[in-house]
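Here are some notes for a colleague who is opening this structure for the first time. They are best read with the model in view, one point at a time.

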Amino acid sequence: MWLSSWGYKSEDYQHPYLISCDIPEPLWNKTPVAVSLVENKCDKATNLLKIHNRKPVSGQKEDFAVCVKGLSYQYNDQSVILIEWLETLFEMGVSKVIIYVLNVHPNIWKVLEYYLSLGKIELREHTLSGHGPNIPAFQHDFLYNKVGWKRLQELIPYNDCYYDNLNLYKFIALLDIDELIVPKGHLSTWQQLFVFLQPTLKHKPADIDGYGFRDVLFLDEHHTYENIAPYLRFANTIVRASEHMKVGHGTKSWFSTESILTLHNHYSFNLLSPNRKARNKKWHEVDPNVAQMQHYCFNRNCNKLNSTILDTICGSIKIQ
């Protein structure tokens, strides 16, 4: 699930793989409930892994879900930012947020448990694979200093979340808690944005594998509105880079659950249906004048930008 041209080829790195188990033709009309993994053909199996095959109760997929890679905020209390981020996503029409957790501050746990009790999020407690450290403080420092190792590890929760939810939602977005895909102009929800985009597509809507949204950096400089509480960081942060990043640089996406085999942080890798592998991926890059991926510099240092403008779009989103 990694392109060798991107580097990290040495044996020091653990590369994630997707292993496909072919169902024998006589059993194509049946759904397996478990699978065993062995190293060599005909080896005696010593494991039995349950297959997740969740189906929507209504029989119909909901529109959007968001997956979040393993949170690692052992000493950094991001609970207030997390609340505002979640409420903004729900206000924009996201049905569910699935969050993988490595180690987090106690206040973040309180927030997660509250939204879990409401049924608005799902939690997956997560550990690093192989020789990756899972002692909280050591793990945080390890991931901070081993960026390549971290990026390879992130592919596991991303793809696990995608497969666990592909029967439940039409589109999956992979976001961090400092990122928002925000519609512009008269559009205020992801559903409205999706409908608005349909006439602009170069391909049939059913053939679109995903929608890409251009990244733009927002600097963490407070501009408090009279009618917006100062602790609402997203709503009060309105200084951004005057130019969006180039296509493919920091892009975040809506991934179609009908056509993608493997994905990563920004785009999909391979297609799901065998009869579609021969064609090129059909992707729609959304005009940044219609919607943008807003990346906030809350938890990291951003270089001072040469040119900035004011963008109040998030300040106009009403949080209930």
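1. In this predicted model, helix α1 is largely enclosed by the rest of the structure, because 10 of its 13 residues are buried. The buried residues of α1 are Ser-79, Ile-81, Leu-82, Glu-84, Trp-85, Leu-86, Glu-87, Thr-88, Leu-89 and Phe-90, a list in which the charged residues Glu-84 and Glu-87 appear beside nonpolar ones such as Leu-82 and Trp-85.

2. The same helix, α1, covers residues 79-91 and reaches 18 Å from its first C-alpha to its last, which is close to the 18 Å expected at 1.5 Å a residue. Just after α1 comes Gly-93, whose phi is positive, at about 105 degrees.

3. The aromatic residues deserve a careful look, since a search of the whole structure finds 25 aromatic pairs. In one of them, the ring centres of Phe-64 and Trp-254 are 4.7 Å apart and the planes stand at 50 degrees, so this pair is classed as tilted. Because Phe-64 belongs to strand β3 (residues 62-73) and Trp-254 to strand β11 (residues 252-256), the contact ties together parts of the chain that are 190 residues apart in sequence. Phe-64 counts as buried at 2% relative accessibility, and Trp-254 is likewise buried, with a relative accessible area of 0%.

4. Trp-254 also pairs with Trp-190, again in a tilted arrangement, with 5.6 Å from centre to centre and 45 degrees between the planes. Here too distant parts of the chain are linked, for Trp-190 lies in helix α5 (residues 190-197) and Trp-254 in strand β11, 64 residues apart. Both of these tryptophans, Trp-190 and Trp-254, are buried.

5. Which residues make up the aromatic cluster that contains Trp-254? The cluster is formed by Phe-64, Phe-171, Trp-190, Phe-194, Tyr-211, Phe-213 and Trp-254, and so the two pairs described above fall within one group of rings.

6. A contact of another kind involves Arg-233, which lies over the face of Phe-298, at 4.8 Å from the ring centre.

7. The largest pocket holds about 1800 Å³ of space. It is lined by 35 residues, and those closest to its centre are Leu-18, Ile-19, Cys-21, Ile-51 and Tyr-163. The elements that give two or more residues to this lining are β1 (34-35), β2 (49-50) and α4 (147-165), and of these α4 gives the most, with 5 residues.

8. What is the chemical make-up of the lining of the largest pocket, in nonpolar, polar and charged residues? The lining divides into 20 nonpolar, 9 polar and 6 charged residues.

9. Two further residues may be checked for their surroundings, beginning with Asp-22, which is placed in the segment before β1. Asp-22 is exposed, with a relative accessible area of 73%, and its C-alpha is 21 Å in space from that of Cys-161, while the two residues are 139 apart in sequence.

10. The second residue is Cys-42, found in the loop between β1 and β2. Its phi is near 75 degrees, a positive value in a residue other than glycine. Is Cys-42 buried or exposed? Because its relative accessibility is 73%, and the cut-off for exposure is over 50%, Cys-42 counts as exposed.

Notes: Residues are numbered from 1 along each chain as its sequence is written. This is a predicted model: local features need pLDDT of at least 70, side-chain atom pairs count only at pLDDT 80 or more; totals for chains, interfaces and linings use all residues. Side-chain values use heavy atoms; hydrogens and water are left out. Rings of Phe, Tyr and Trp (its six-membered ring) pair if their centres lie within 6.5 Å; planes under 30 degrees apart count as stacked, over 60 as edge-to-face and the rest as tilted. Helices (H or I, at least four residues) and strands (E, at least two) are DSSP runs, numbered from the N terminus. Buried means under 20% relative accessible area, exposed over 50%, partly exposed in between (1.4 Å probe, protein chains only). A charge sits over a ring if NZ of Lys or CZ of Arg is within 6 Å of the ring centre and within 35 degrees of the ring normal. On a 1 Å grid over the protein atoms alone, a cavity is a set of points where a 1.4 Å probe fits but cannot get out, and a pocket is an open set with protein on both sides within 12 Å along at least five of seven lines; lining residues have an atom within 4 Å of a point. Grid points are joined across faces, edges and corners, and a volume is the space filled by probe spheres set on the points. The expected span of a helix is 1.5 Å times one less than its number of residues.
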